[in-house]
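Could you take me around this model, one selection at a time? I have it open in the viewer and would like to know what to pick next and what is there.

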Amino acid sequence: MQNDFIRIQAQDFDLSTEVQRLRENDARVGAIVTFVGAVRDMNDGSEVKGMTLEHYPGMTEKSLQEIIKQARGRWDLYKTLVIHRVGPLLPEDQIVLVA
């Protein structure tokens, strides 16, 4: 759909900037709900010093689009944004934004 935005990127993102972009010049946007996922320092009792996320171009986007499709089946969504980071990440780094 035209109002679904998916970005796969190595660089970090700024939540305020991304929310502003979703609202910019569009009075139809009445509310924005966000989820930000971050790298934890522990997993199942083991210390996490870092992680590397890989992706397969085309396949990753297709999977995220399917998740958006399922969400649209449950809720009346006007716009969606998913940013998923790839590459090396450290504890406390942001991994994903869903808005």
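Begin by selecting Asp-44, in a model that is predicted. Is Asp-44 buried or exposed? Asp-44 is exposed, because its relative accessible area is 77% and the exposed class starts over 50%. Asp-44 sits in the loop that links strand S3 (42–43) and strand S4 (46–47). Check its backbone while you are there: phi is near 50°, a positive value in a residue other than glycine. For context, most residues other than glycine have a negative phi.

Next, select Glu-92, which also has a positive phi, near 80°, and is likewise not a glycine. You will find Glu-92 in the loop between strand S7 (87–89) and S8. Glu-92 counts as exposed, because its relative accessibility is 73% and the cut-off for exposed is over 50%.

A third loop residue to pick is Arg-28, placed between H1 and S2. Arg-28 counts as exposed too, because its relative accessibility is 63%. Now draw a distance from Arg-28 to Phe-5, C-alpha to C-alpha: the two are 17 Å apart in space and 23 residues apart in sequence.

Zoom out to the whole chain and colour by secondary structure. There are two helices and eight strands, and along the sequence they follow the pattern β-α-β-β-β-β-α-β-β-β. The C-alpha trace spans about 45 × 30 × 25 Å along its principal axes. Of the 99 residues, 30% count as buried. If you display contacts between residues at least 6 apart in sequence, 70% of them join residues at least 24 apart.

Now for the sheet. Select S1, S6, S8 and S2 together: these four strands form an open sheet in the order S1-S6-S8-S2, with mixed pairing. At the edges are strand S1 (4–9) and strand S2 (35–38), each of which pairs on one side only. Ignoring direction, neighbouring strands of this sheet are turned by 10° against each other on average. As a reminder, strands of a sheet pair through backbone hydrogen bonds, either parallel or antiparallel.

Walk across the sheet in that order:

- S1 and S6: this pair is parallel, over six bridges. Show Phe-5 here and look opposite it for Leu-81 in S6.
- S6 and S8: the sense is antiparallel, over three bridges. Val-82 faces Val-98 of S8, and Ile-83 stands opposite Leu-97 of S8.
- S8 and S2: strand S8 (residues 94–98) and S2 are antiparallel, with four bridges. Phe-35 is opposite Val-98 in S8, while Val-36 has Leu-97 of S8 as its bridge partner.

Pause on Val-98 of S8, which stands opposite Val-82 and also opposite Phe-35. Leu-97 of S8 can be followed in the same manner, to Ile-83 and to Val-36.

How many residues of S8 are buried? Four of its five are, so to speak mostly covered. S6 is mostly covered as well, with five of its six residues buried.

Add the helices to your selection. Helix H1 (residues 15–23) packs on the sheet and touches S1, S2, S6 and S8; the direction of H1 makes about 150° with that of S6. H2 packs on the sheet as well, touching S1 and S6, and the direction of H2 makes about 145° with that of S1.

The last stop is the largest pocket, with about 550 Å³ of space. Of its 25 lining residues, select the closest to the centre: Val-33, Leu-77, Lys-79, Thr-80 and Ala-99. Which elements give two or more residues to this lining? They are helix H2 (59–74) and strand S6 (80–85). H2 supplies the largest share, six residues. Colour the lining by class and you should see 17 nonpolar, four polar and four charged residues.

Notes
Residues are numbered from 1 along each chain as its sequence is written. This is a predicted model: local features need pLDDT of at least 70, side-chain atom pairs count only at pLDDT 80 or more; totals for chains, interfaces and linings use all residues. Side-chain values use heavy atoms; hydrogens and water are left out. On a 1 Å grid over the protein atoms alone, a cavity is a set of points where a 1.4 Å probe fits but cannot get out, and a pocket is an open set with protein on both sides within 12 Å along at least five of seven lines; lining residues have an atom within 4 Å of a point. Grid points are joined across faces, edges and corners, and a volume is the space filled by probe spheres set on the points. Ala, Val, Leu, Ile, Met, Phe, Trp, Tyr, Cys and Pro count as nonpolar, Asp, Glu, Lys and Arg as charged, and the others, Gly among them, as polar. Two strands pair if DSSP finds at least two bridges between them. Axes are lines fitted to C-alpha atoms, for helices over the stretch in contact, and angles run from 0 to 180 degrees between N-to-C directions. Contact means heavy atoms within 4.5 Å. Buried means under 20% relative accessible area, exposed over 50%, partly exposed in between (1.4 Å probe, protein chains only).
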